Amino acid sequence: MGDNAISREKRSLPPADYSLKIESFKLLSESTVESFESGVFKSGGYNWKLVFYPNGKKNDGGKDHLSLYLKIDDSNPHSDGTWNVNVYYKLFVYDQLSNQYLVVQDAKAPMRRFDRRKGEWGFGKFLDLATFNEPSNGYLVDESCVFGAEVYVVKPTGSEEILSLVSEPDDGTYRFTIPAFGSVGDTVQRSGEFTVGERNWQLVVYPAGSGGDRGNYLTVSLKLADYQKVTPKKPVYAEFKFKIPNQYSRNRAGAEQTVKYFFNSAAEKESSKFLSRDDLYDTTKGYLPSNETLVVEVQFLVVSVIKANT
């Protein structure tokens, strides 16, 4: 592995899974032992070891370097020869002077697969010996040094979610009729709940407007009524059209506004400058005829449907 594929950075937080302290490093490096394996440690439900080459692993470009590897231990029970374990891992060496850890990891391929054919991954050029042996760098102090590992095992849970967008869903138009609208004043009007795309919705009408439209425009809102009831809370994407029809003639245009919205943390979406109150109460417009019955519709053009397998 080329050195340009390695990322190095320092942090103060110790390795989460394992630390290995080596004393009398000089004696170890001068011995005939090419590599040293640590004791077994557990992480992610598997047994692991650190494999340390004090004078570098020569056939992995480790000349004049320390080499350090993560190895999956033979003691792990595997059901058959096709087993594999996918892992994100980081290896560490401790700077004892600054109380920080040098973190070394793969820069281009951070996840590695451990299997029967390759059960060891790491770095031939973990750290060059000149840097390691320099006292001012703090990695080797009084012939002692500390290495470490963090191992995150990627385990598929089987949970999945399928998002489908349904165009012009069945029963996708809902009509809310408010009789004697002229007498409701500023009282907010709420429809009953209705179902579109397997979710429950509600129309809300603000006669005097809401927010920046207050006092000037009628505000209509579509609310995802079951957002707080569904566990886990599932967001919904919808494209829909607010309508107030012309009750004098179906051939004459009413008021319409198309909205696209992702119902997530905010489970209600209001219209914006939908219909001015002047136009609403102008009897020639046909929105509110003499019987003072207001009709508000919502037509769903697209709605998302989520199917989960957890």
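**Entry 1: S221**

I began with the neighbours of S221 in this predicted model, and, leaving aside residues up to four places away in sequence, I found that S221 touches Q202, L203, V204, Y206, F242, E268, K269 and E270. I then looked up where S221 sits, and I noted that it belongs to strand 17, which covers residues 217-224. Is S221 buried or exposed? Its relative accessible area is 0%, so I entered S221 as buried, the cut-off for that class being under 20%. I also checked the polar side of this residue, and I found that the side chain of S221 reaches the backbone oxygen of K269 at 3.4 Å; K269 is also among the residues that S221 touches.

**Entry 2: S183**

I turned next to another serine, S183, which I located in the loop between strand 13 (173-178) and strand 14 (189-190). With a relative accessibility of 58%, S183 counts as exposed, whereas S221 is buried. I looked for a polar partner here too, and the side chain of S183 reaches the backbone oxygen of A180 at 2.8 Å. I also recorded a pair that is distant in sequence: S183 and E292 are 109 residues apart along the chain, while their C-alpha atoms lie 8.7 Å apart in space.

**Entry 3: V151**

I went on to V151, which I found in strand 11, residues 145-154. Its relative accessibility is 8%, and because the cut-off for burial is under 20%, I entered V151 as buried. Which residues does V151 touch, not counting those up to four places away in sequence? I listed D17, F41, S43, W48, L70, V87 and Y88. I then took the distance from V151 to P289, two residues that are 138 positions apart along the chain, and I noted 71 Å between their C-alpha atoms.

**Entry 4: positive phi angles**

I looked up two backbone angles as well. N99 has a positive phi of about 60 degrees although it is not a glycine, and I placed N99 in the loop between strand 7 (84-95) and strand 8 (100-106). I classed N99 as partly exposed, since its relative accessible area is 47%. K273, also a residue other than glycine, has a positive phi near 45 degrees, and I found K273 in the loop between strand 20 (268-270) and strand 21 (275-276).

**Entry 5: the whole chain**

I finished with the overall picture, counting three helices and 22 strands in the protein. Why did I write that the protein is more spread out than a compact globule? Its radius of gyration is 34 Å, which is well over the 19 Å that the globule rule gives for 310 residues. I added the extent of the C-alpha trace, which spans about 105 × 45 × 30 Å along the principal axes.

I noted that 46% of the 310 residues count as buried, S221 and V151 being two that I had looked up one by one. Of the contacts with a separation of 6 or more, 68% are accounted for by residues 24 or more positions apart. For the surface, I recorded an accessible area of about 16,500 Å², 45% of which belongs to carbon and sulfur atoms. Last, I looked up the charges, and I found that the mean positions of the 38 positive and 40 negative charges are 2 Å apart.

Terms used. Residues are numbered from 1 along each chain as its sequence is written. This is a predicted model: local features need pLDDT of at least 70, side-chain atom pairs count only at pLDDT 80 or more; totals for chains, interfaces and linings use all residues. Side-chain values use heavy atoms; hydrogens and water are left out. Helices (H or I, at least four residues) and strands (E, at least two) are DSSP runs, numbered from the N terminus. The radius of gyration is taken over C-alpha atoms; the globule rule is 2.2 Å times the number of residues to the power 0.38. Buried means under 20% relative accessible area, exposed over 50%, partly exposed in between (1.4 Å probe, protein chains only). Contact means heavy atoms within 4.5 Å. Accessible areas come from the Shrake-Rupley method with a 1.4 Å probe; for residues, only the protein chains shown count as cover. Lys and Arg count as positive and Asp and Glu as negative; His and the chain ends are not counted. The place of a charge is taken as NZ of Lys, CZ of Arg, CG of Asp or CD of Glu. A polar contact is a pair of N or O atoms within 3.5 Å; within protein, one must be able to donate a hydrogen and the other to accept it, and residues adjacent in sequence count only if both atoms are side-chain atoms.
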